[in-house]
Amino acid sequence: MWFEILPRVAVMGACLLIPGVATARIHRFTNGGKEKRVVYYSYQWTLKERDRQVSGVNRYCVTKGLENID
């Protein structure tokens with residue numbers, strides 16, 4: 001019957017879902033709890049570079065608040 005395919009579809013869906021979720025979790029873990037930043041436009045790139053320079057450790061994912069910027 002048609003419902004015999006449901007377990008196979010569930011396994012296939014899980015196999016497609018796990019790598020995407022795992023990649024997001026790995027990026028969040030390695031960047032100190034922040035999502036990976038994706039740059040589509042040049043303005044976003046300049047903001048990312050500004051954050052990298054302001055952080056003081058040459059990483060965009062380590063940020064300072066405005067009160068800590070000299």
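**Chatting through a two-helix model**

Modeller: Let's start inside helix α2: Glu49 and Arg52 sit 3 residues apart there, and that puts about one helical turn between them. Keep in mind that this is a predicted model.

Colleague: Okay, and what does Glu49 form with Arg52?

Modeller: A salt bridge, with the closest N and O atoms 2.7 Å apart.

Colleague: How many salt bridges does the count come to?

Modeller: The count comes to 1 salt bridge.

Colleague: And Arg52, is that buried or exposed?

Modeller: In between, actually. Arg52 has a relative accessible area of 26%, so it goes down as partly exposed.

Colleague: Let me step back a bit. How many helices and strands does the protein have?

Modeller: There are 2 helices and 0 strands. Helix α1 covers residues 6-30, and helix α2 covers residues 42-55.

Colleague: How far does α1 reach?

Modeller: From its first C-alpha to its last, α1 reaches 36 Å with its 25 residues. That is close to the 36 Å you'd expect at 1.5 Å a residue.

Colleague: What about α2, how many residues and what reach?

Modeller: Helix α2 has 14 residues and reaches 20 Å, again going from first C-alpha to last. The expected figure for α2 is 20 Å, so the reach is close to that.

Colleague: Which residues in α2 are buried?

Modeller: Lys48, Asp51 and Ser55. If you look down the axis of α2, those buried residues fall within an arc of 60°, so they line one face of the helix.

Colleague: And which ones are exposed on the other side of α2?

Modeller: You'll find Ser42, Tyr43 and Gln53 exposed over there.

Colleague: What comes just after each helix?

Modeller: A glycine with a positive phi, in both places. Just after α1 there's Gly32, with a phi of about 70°. Just after α2 there's Gly56, where phi is about 85°.

Colleague: New topic: what share of the protein's residues is buried?

Modeller: Buried residues make up 9% of the 70 residues.

Colleague: How much area does the protein expose, then?

Modeller: About 6,200 Å², and carbon and sulfur atoms supply 65% of that.

Colleague: Which residues make the nonpolar surface patch?

Modeller: Met1, Trp2, Phe3, Ile5, Leu6 and Val9 make it, and the patch comes to about 690 Å².

Colleague: Where is Phe3 found?

Modeller: Phe3 is in the segment before α1. At 45% relative accessibility, Phe3 counts as partly exposed.

Colleague: And Trp2, buried or exposed?

Modeller: Trp2 is exposed, with a relative accessible area of 63%.

Colleague: Since we're on rings, how many aromatic pairs does the count come to?

Modeller: Just 1 aromatic pair. The partners are Trp2 and Phe3: their ring centres are 6.0 Å apart and their planes are at 80°, so the pair is edge-to-face.

Colleague: Why does 80° make the pair edge-to-face?

Modeller: Because planes over 60 degrees apart count as edge-to-face, and the planes of Trp2 and Phe3 are at 80°.

Notes. Residues numbered from 1 in each chain as written. Predicted model: local features only at pLDDT ≥ 70, side-chain atom pairs only at ≥ 80, totals over all residues. Heavy atoms only, no water. Helix = DSSP H or I, 4+ residues; strand = E, 2+ residues; numbered from the N terminus. Buried < 20%, exposed > 50% of the residue type's maximum accessible area, 1.4 Å probe, protein only. Arc of directions from axis to C-beta. Salt bridge = Lys/Arg side-chain N within 4 Å of Asp/Glu carboxyl O. Patch = residues over 30% accessible without salt bridge, like charges linked within 9 Å, V, L, I, M, F, W, Y side chains within 5 Å. Areas by Shrake-Rupley, 256 points an atom, 1.4 Å probe, with all protein chains shown as cover. Phe/Tyr/Trp six-rings, centres within 6.5 Å; stacked < 30°, edge-to-face > 60°.
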